[in-house]
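Me: Please take a close look at one helix of this model and at the strand pairings elsewhere in the chain. I would like the cut-offs behind each term to be stated as you go.

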Amino acid sequence: MRILPWNGYGGAFSLTFDDGDVSQAKIALHILDSFDKKGTFFLTGGQSAFEKIWKEAWINGHELGNHSMHHKLPITGEEYDAYEEVVKAKHFLEKRYGGVVLTYAYPYSFITDGQIKYLQGTHIGARAGDDGQVMLKAEHNVDWYRIPSFVATTDTDIVTYKRMIEQAVEERAWVVLMIHAIEGIGSGYEPIPQEVLKGVLDEITKKNIWVAPFGEICAYWRAQKIVETAMRENKTENIVWNVPAFFKRKTVLKVESDLNEKYQLLQNGNIVVKTTGGFYEIVFNEGMLQIVEKRKG
Ligand SMILES: [Zn+2]
């Protein structure tokens, strides 16, 4: 039995946007929607603009993530409360926008033990900056609270993005893109031209690549690792795993199996049916999978 990486696609790609800039609310969202692709918007507790737009975006399948309460730089000598920046911010954003926040992005990509301490047990994953390795391969082990990203700058040309997307497919990897602003309005950090964003979306639409919010792909990958470990450790027909509390949303894994005709898969008493695509869809949140012999007669 094998879990298909990246939801059965040849690679994965996430577009993430920081700071809730006006150009994201007024331009990026529309461009993403015109390609029918969903992005992740990391917002802070301190900002209150475009509340209605963000709420709608969330309902429409985009992800809202936690970018801390005050976007502070946690440096010595300054007043900094990691619990407030990480955990209180998450609850605050959930209340304001009406949904469950799964992920975090470090302000200024500045990672500290204090933030990590509170992220563990409350968030599925956290996005870091560029550490030189942005091709994340499914078989590798990643630190869920230091997931690297490619930082988009104004002068990053479309050729660079195209090469990166090609490489992601070649290496069957996940690439996370970090964007701050889109050219046109506002004064966000390193705005990228609208044509470049469209070019990136155009390119990923043509490829066999899973384009989904950061939290969705992170959840899939993390769930995959948990179930794979459980499969290795369980030699019986019952595979059991723990579902961490922060898996607040349903995560479905695609599984390939050359199961003998005599056997079937069950999750909490329900038969897992083979899809027309030839794979099984198992619900990670069920916490178990059973391989049983079909009843005769
Ligand atoms: Zn920021």
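**Helix α5 and the paired strands**

Reply: Val159, Arg163 and Glu170 are exposed on one side of helix α5, where exposed denotes 12 or fewer other C-beta atoms within 10 Å of a residue's own, buried denotes 20 or more, and partly exposed lies in between, with C-beta atoms placed from the backbone. The model is a predicted one, in which local features need pLDDT of at least 70 and side-chain atom pairs count only at pLDDT 80 or more, while totals for chains, interfaces and linings use all residues. Residue numbers start from 1 along each chain as its sequence is written.

Helix α5 covers residues 158-170; helices (H or I, at least four residues) and strands (E, at least two) are DSSP runs numbered from the N terminus. Its 13 residues reach 18 Å from the first C-alpha to the last, close to the 18 Å expected at 1.5 Å a residue, the expected span being 1.5 Å times one less than the number of residues. The buried residues in α5 are Tyr161, Ile165 and Ala168. Seen down the helix axis, the buried residues of α5 fall within an arc of 60°, so they line one face of the helix; the arc is taken over the directions from the axis to the C-beta atoms. They pack against β2 (12-18), β9 (173-179) and α6 (194-206), contact being defined by C-beta atoms, placed from the backbone, that lie within 7 Å. Just after α5, Arg172 adopts a positive phi of about 50°.

Attention now turns to the strands. Two strands are treated as paired if DSSP finds at least two bridges between them. An open sheet of four strands follows the order β13-β18-β15-β16, with antiparallel pairing. Its edge strands, each pairing on one side only, are β13 (238-240) and β16 (270-271). Three bridges connect β13 with β18 (residues 288-293), and Asn238 has Gln290 of β18 as its bridge partner. Strand β18 also pairs with β15 over four bridges, with Leu265 opposite Ile291. Strand β15 (residues 263-267) is joined in turn to β16 by two bridges, and there Gln267 stands opposite Asn270.

Further antiparallel pairings involve strand β14 (residues 252-256), which is joined to β1 (residues 2-3) by two bridges. In that pairing, Arg2 has Glu256 as its bridge partner. Strand β14 is also joined to β17 (residues 280-283), by four bridges, and Lys254 has Glu281 of β17 as its bridge partner.

Definitions and conventions
Contact = placed C-beta atoms within 7 Å.
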